[in-house]
Amino acid sequence: MTTVNDFIEQFLIAVDFQDSVEVTPDTVLLDLPEWDSLAALGVIVMFDIEYGKTIVGDDLKQSITIQDLFTLLSR
Amino acid sequence: MGLSTLRHVRFAGMASCVPKRVLSNIDDCPPSLQSERARLIRNIGIETRRICPEWQYFSDLAFIAAERLLADLKWERSEVDALIVISQSPDYLIPSTAIILQDRLGLSNATIAYDVNLGCSAYPFGLHLLGNMISAGSIKKALLLVGDKCATVRDPLFSDAGTATALEFSTDAPPMYFDLNSDGAGYKAIMLPVGGHREPYAYYHGIPTRDEHGQMHWPNDLILDGPAVLSFSTQRVPPAVEATAAYAGLKLEDINYFVFHQANRMINDTIRKKLRLTDDRVPSTLKEFGNTSGASIPVTMTARLREALQAEKKKLLLCGFGIGLSWGTCILDIDGAVLPEMIEA
């Protein structure tokens, strides 16, 4: 079972931010300074390769926080 | 149509031509973007690209590739029964670039020549189109010219190239296997919305806006929905590759090389990982040639596989995917084909 902390670790690898940033389940994606289209692509790939889950751009648009993204895993 | 087999079609040769001018994704961008570019390059895998000078067009690159290929093949011009161009950067909206090139290459008036409008998925569709004419016995020798002039200084993905491929009738040729698909529901994912009949050019399409980095954006720029293209490519391509191999009676281990359209590193690595293929069987030219649209499969074969293909017979799987949306896979044997080195013009 993936924990939210494991998920955050994978998330930070996937988004490949230049500057390190603290992320919690409550972090709002749009508040992350480097959350951009490239990071979004990285997250789609992460869901596919790491978790075997297919998500699309709209799933990301509807996700406000990291917790919302994490919830997509159990969808 | 999906899966099909073509018989008696031989892959006789192929030539690729790129512009001499090299663009660096790091150096050729505004200083304010350079730190961001390092991250971008890590993820898209593209360090340098090729760009035509203003006076050079896709048809010039394809012409040079075709001239070299015809010379090396020692084909008479009168023998070329068909010339198909697949490009989204024609010389003019009308007439077809293929017909202009029929004259420029000195081919006979009896040559079938017309254009097909496909981009990144072009190559397998082109092999199938001409292969079908040959397989049916209506023609004996044909040229397929594929590529685009799609590079701009601003955009970090696209790169220019023109390629020529020769197919011929041969009773000894092993079968070619195809899987060709289209999904027009995704047509908005990659789109040049302005300039056609639904939205003709108007004065306001010439007025750009400037973003926070000082980069100009025009209303008639290419629309590219990154997440949609990524999802499409990584969901559609792996099962299509497996289905084509199964149809051909092959396991993936039986195939020497898998040449995918060079989209970007994220997409290509995801496809490769999902198919559990090792790097050495999946050549890439993203780093130095970027995304050369429909030309990326031949460009990668020329740049990475030329010596291996000249040494002995190889079994290849070629897969193009993108605009349309469309995706096509072809499994073929290449044996004794004429493969000139990369041409820079």
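In chain B, the arginine B:R104 lies over the face of the ring of B:F63, at 4.3 Å from the ring centre. This structure is a predicted model, and what follows describes its ring contacts and a nonpolar patch on its surface. A search of the whole structure finds eight aromatic pairs over all chains.

**Charges over rings**
- Besides the placement of B:R104 over B:F63, the lysine B:K140 lies over the face of B:F169, at 4.3 Å from the ring centre.

**Aromatic pairs and a cluster**
- One of the aromatic pairs is formed by B:Y177 and B:Y247, whose rings meet edge-to-face, with 5.9 Å from centre to centre and 85° between the planes.
- Because B:Y177 lies in strand β9 (residues 176–182) of chain B and B:Y247 lies in helix α5 (residues 226–247) of chain B, the pair ties together parts that are 70 residues apart in sequence.
- B:Y177 counts as buried, at 18% relative accessibility, whereas B:Y247 is partly exposed, with a relative accessible area of 35%.
- In chain A, the residues A:F7, A:F47, A:Y51 and A:F70 form one aromatic cluster.

**A nonpolar patch on the surface**
- The residues B:L192, B:L222 and B:L224 make a nonpolar surface patch of about 260 Å².
- Within this patch, B:L192 is placed in the loop between β10 (190–191) and β11 (209–210) of chain B, and B:L192 is exposed because its relative accessible area is 55%, where exposed means over 50%.

Definitions and conventions
Residues numbered from 1 in each chain as written. Chains lettered and ligands numbered in written order. Predicted model: local features only at pLDDT ≥ 70, side-chain atom pairs only at ≥ 80, totals over all residues. Heavy atoms only, no water. Phe/Tyr/Trp six-rings, centres within 6.5 Å; stacked < 30°, edge-to-face > 60°. Helix = DSSP H or I, 4+ residues; strand = E, 2+ residues; numbered from the N terminus. Buried < 20%, exposed > 50% of the residue type's maximum accessible area, 1.4 Å probe, protein only. Lys NZ or Arg CZ within 6 Å of the ring centre and 35° of its normal. Patch = residues over 30% accessible without salt bridge, like charges linked within 9 Å, V, L, I, M, F, W, Y side chains within 5 Å. Areas by Shrake-Rupley, 256 points an atom, 1.4 Å probe, with all protein chains shown as cover. Salt bridge = Lys/Arg side-chain N within 4 Å of Asp/Glu carboxyl O.
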